[in-house]
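Visitor: I've got this model open on my screen and I'd like a close look at one part of it. Could you pick a single residue, walk me through its surroundings, and then work outwards from there?

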Amino acid sequence: MKDLNKTLGSRILHNIEQDEYLNKLYQRLLIAYSFSLLSGKRSYLKQKEYMDLLRFADLLSNSQNLKHSELHRNLAHKIIAMLTVIYPNSHTVLFYKNQILSNLNNYLQIHKDEVLSAKISTNSLINSLINDYKKEELKIPGTNKTFIGKQRELYVQLDKGLSSVSAPTSMGKTFLMIQFIASKIANEQGTNNFALVVPSRALITEITDKLLNVLKNSSIKSPYVVVNSNEEIVDTEFMVNHIFVVTPERLFYILTDHPKLRLGYVFIDESQKISEVSSRSTFYYQLFDIIDNWQVHPKVTFASPVVPNPQEYLKISTDGKNGGYLAIHESVVSQVQFIIDTYLSKAWIFNDLANKLIALDFVKLKSNTQIDVLEYFTNRFDKKMKNIVYPNAIQKAMSLSMRYADDLEEINDNELENLSEYIGNKLNPNYYLSSIVKKGTAFHIGRLPAKIRSRIENEYKEGKIQTLFCTSTLMEGVNLPADNVFVFDLKNGRREMSGIDFKNLIGRAGRLDHSMIGNSFLVTNPNTSKKPQMDDYLRFLKEPVGNQELSLNSVMTKNKLKQISKDLQSGNIDLNHVKRKSNSEYATLRKFTMIYLNDVDKGKKSVVWQKFSSAINHNTEQKITRAIKAKYNTGIERDINFSSDQSDKLKLEIQNDKLVYPEPILNGKWNLAGAFDLLNKMANIYNWKVYEKSDLGRINKDTGNFINLPDYTLLLMCWISGENLSDMISDFLRFKSSNIKFLERVHSNWNGSLASKNAFINLILDKINQVINFKLKNYFMKTTREICKHNNLETIDNDWYRYIEYGTISELRIWLQRHGYSRESTKFIEDNQSRYVTKISNGYLLSSELENVNDEDVAQESKQIRLFRSDIFLD
């Protein structure tokens, strides 16, 4: 009988998605949902229609082990989610909703106030017992929460040897990793080290905060330390649990500098970044060059959104053939897509079942700018709804947010007033962001200080900020729950958006633990000669995400390999003869080439070596080795951020005592002349004319001098002076008024207006992030390492790399940052050290009164740090 029922169910559900009546009902539902969402009025279906839709949804939610079961279950969720919007007070809809969500293992979205009192019957009692059993079985270890949908399958996969998982954006993959780490630390004896690898610095802060909150609320007795960079490692013997939340580049340097360190678990979040042709993707390969050589391999999980072939990322490891993978397409949140044509002033909803558009004639747009479209719809939404707007560039995000805020009134909310004051104090009172947050809108960009981004995210999640303008940080995993996502462009920065980028972006609409359904509004460019237009959006909606490919395989074509081989045989590491489409592609090719040369030198047969060997035979390989060693005294450079020509010059200058760090303070004044001389020496050593020609190495054609180095010298010295960011900005604004070319040597838009001041503040933030804390920091790190190596030292006293890393020359402030405080907070503690700091032989002890000071950042950080570093507090 059981087999017969299974066969009957299979027959009923076979190709049900093609059923003519279901498709007709579904189209009617989409139109009714659109009207209810966008008109501010309810559009009701006929009694028979909505009852039949409920029955279809109930049937679809029971689909299992069929070819299209995930499609069926997603359709069931979407139908009941839309019906819930149209009929929020219908007991019939709520009854079906609870049953359908139960079938989908989605107990999170069954709210207590929606559980209906069914008549006491044998069936209802049995169903209740079954649901209670299922909820207990689905409980996440160490919590009172339950797995949703197929989360349990993902969670189990995290404890396997080598695996790659893919799931919809809203599935909560990062959440599961954090819960898994907390559970392991709480339940296992001894120590274990974990690495959660994220693609950007912007994500480090967000995930670290979430991790610390989970750990704080867990019953964990084992000591642990959360580390974000190499410099934060205090316990070099790794006697307690270490959790590294880092970028692949940072983890590579940690593993390189601590060769005895071993990891028990490695989670590669947003692993689709391995497919991107960018120099940063090369560091994933470097990581596995190290990990694959360990006797005991860690358990590694790659996690990506909507990738149809997650097994591709296993190939990055030489042990990839032994790995497992899991691709989940069943979603716990439904999404609806609309296309808005600004030129025609018309709107459509996308029917994902029929793969076609449905015109929404009731939408009457009166204007054709993207901001007008945004205003039209947000004015019609429920005021509790949260909106995210995606333009492709930082400047657009800022200018659009200002234009949108122009028509808004201040909300007079204490939390937003406090946030406005906070931004003004941390950056500048005239910064636009400080004023627009009082109106319930903001922009969220990577160059903003982490604390400000975090505060904006919190106010957005609380619903105080309702509309948020975001750039590519949104596609890199920043978790911002949105009811509606407005897409204004199909570029990710300057490059064209990929299919996976697009699906990841619109997948931000509707988030787990926030709502059942989300909406994407795809808004065309009003200039019909510019993208995106309707056809561009339709192509992305209709076409499934294609199979992903390792960046190594996509960029290293046969022709490229031949060109690289030709250059290397002549000892040319610049790869001058290699044709490339962009600076990003060139940097990627160059770093893969450096990995290959290292593999050849060490006799390693990594996946990179295997790729190169497909076009370079053994004899050619030996010829390349001889050419490189003959041309460069140092042979093959180990650090792929650099090449042998740079290393040769660096080592020679250090050996001849021509490169020595100057004292930062000379005769009681900041040594600007010494710093400028140092940067000029480094420019020649590292050949910035070639490798950094668009910025650090930009040359004045008339004089032959480096155009930007005088300005970067001043910026660098202000940074290592330890001055607060707000004071730096104020000083530079005054300086700019009489030096309008400062930081804009080629073309300056400065006119002293509020707009130009804001543009300049953004420029300062950008240069601090990209030039000081990324480019120069890497060059100084390399320089310091070579100085230490030459003098057989582990550290040096006058270390400019440390000064840049911590933004200060103060030993106390460096010590505080190594123990978890932010740069800004250490300024407060240093200024008040007589009250809160006690000097001891091997460092400092802090007063627990820091938890109660009137600086909220210092107080919050002190509470957090004391949780896992109580040994540095006096009481």
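Guide: Here is a tour that starts at Asn 387 and moves out through the sheet around it to the rest of the chain. Keep in mind that this is a predicted model. The mean pLDDT of the chain is 90, with 95% of residues at 70 or more.

So, where does Asn 387 sit? You'll find it in strand β11, which covers residues 387–390. Asn 387 counts as buried because its relative accessible area is 3%, and the cut-off for buried is under 20%. Its side chain has a polar partner: the side chain of Thr 467, with a polar contact at 3.3 Å. Setting aside neighbours within four places in sequence, Asn 387 is in contact with Thr 378, Phe 381, Tyr 460, Gln 466, Thr 467, Leu 468, Asn 484 and Phe 486.

Two of those contacts, Thr 467 and Asn 484, are handy signposts, so let's follow them. Start with Thr 467, which belongs to strand β13 and stands opposite Thr 441. Strand β13 (residues 467–470) runs parallel to β12, and 4 bridges join the two. Strand β12 (residues 441–444) is covered on both faces: Thr 441 and Phe 443 are buried on one side, Ala 442 and His 444 on the other. As a rule, side chains in a regular strand alternate between the two faces of the sheet.

Now for Asn 484, which stands opposite Asn 519 in β17. The strands here are β14 (residues 484–487) and β17 (residues 517–523), paired in the parallel sense over 4 bridges.

Put these strands together and you get the open sheet. It has 8 strands in the order β10-β9-β8-β17-β14-β11-β13-β12, with mixed pairing. Strands β10 (356–359) and β12 are at the edges; each has a single partner strand, so one side of each has no neighbour in the sheet. From one strand to the next, the twist averages 25 degrees. Helix α2 (residues 20–38) packs on this sheet and touches β8 (334–341), β9 (346–351), β10 and β17, its direction making about 135 degrees with that of β9.

Phe 486 was on the contact list of Asn 387, and Phe 377 touches Phe 486 as well. Other residues that Phe 377 touches, again leaving out those up to four places away in sequence, are Leu 38, Ile 340, Val 363, Leu 365 and Phe 521. Phe 377 is also a good way into the nonpolar interior. The largest nonpolar core has 260 residues, and Phe 377, Leu 433 and Phe 780 have the most contacts inside it. Helix α29 (residues 754–790) supplies the largest share of this core, 14 residues. Apart from that core lies another of 17 residues, including Leu 812, Tyr 844, Ala 859 and Phe 873. In soluble globular proteins, nonpolar side chains tend to be buried together.

Further out, there's another open sheet to look at. Its 7 strands come in the order β3-β4-β2-β5-β6-β1-β7, and the pairing is parallel. Here β3 (224–227) and β7 (324–327) take the edges, each with a single partner strand, so one side of each lacks a neighbour in the sheet. The twist in this sheet averages 10 degrees from one strand to the next. Strand β1 (residues 162–167) pairs with β7 in the parallel sense over 4 bridges, and Ser 163 stands opposite Gly 324 in β7. Helix α9 (residues 201–216) lies across β2 (193–197), β3, β4 (241–246) and β5 (265–269), at about 150 degrees to β4.

For a buried residue in a helix, try Lys 736 in α28 (residues 725–738). Lys 736 is buried, with a relative accessible area of 0%. A polar atom of the Lys 736 side chain lies 2.7 Å from the backbone oxygen of Phe 742. Among the other contacts of Lys 736 beyond four places in sequence are Glu 744, Trp 750 and Phe 760.

One last word on confidence. In the chain, helix α27 (residues 709–720) scores highest, at a mean of 98, while helix α6 (residues 122–137) scores lowest, at 58. Over residues 112–122, pLDDT stays under 50, and the model has 12 contacts beyond four places in sequence for that stretch.

Methods:
Residues numbered from 1 in each chain as written. Predicted model: local features only at pLDDT ≥ 70, side-chain atom pairs only at ≥ 80, totals over all residues. Heavy atoms only, no water. Buried < 20%, exposed > 50% of the residue type's maximum accessible area, 1.4 Å probe, protein only. Polar contact = N/O pair within 3.5 Å; in protein donor to acceptor, adjacent residues only side chain to side chain. Contact = heavy atoms within 4.5 Å. Pairing = 2+ DSSP bridges. Axes fitted to C-alpha atoms, helices over the stretch in contact; angles between N-to-C directions. Core = buried A, V, L, I, M, F, W, Y, C linked by side-chain atoms within 4.5 Å. pLDDT = per-residue confidence, 0-100.
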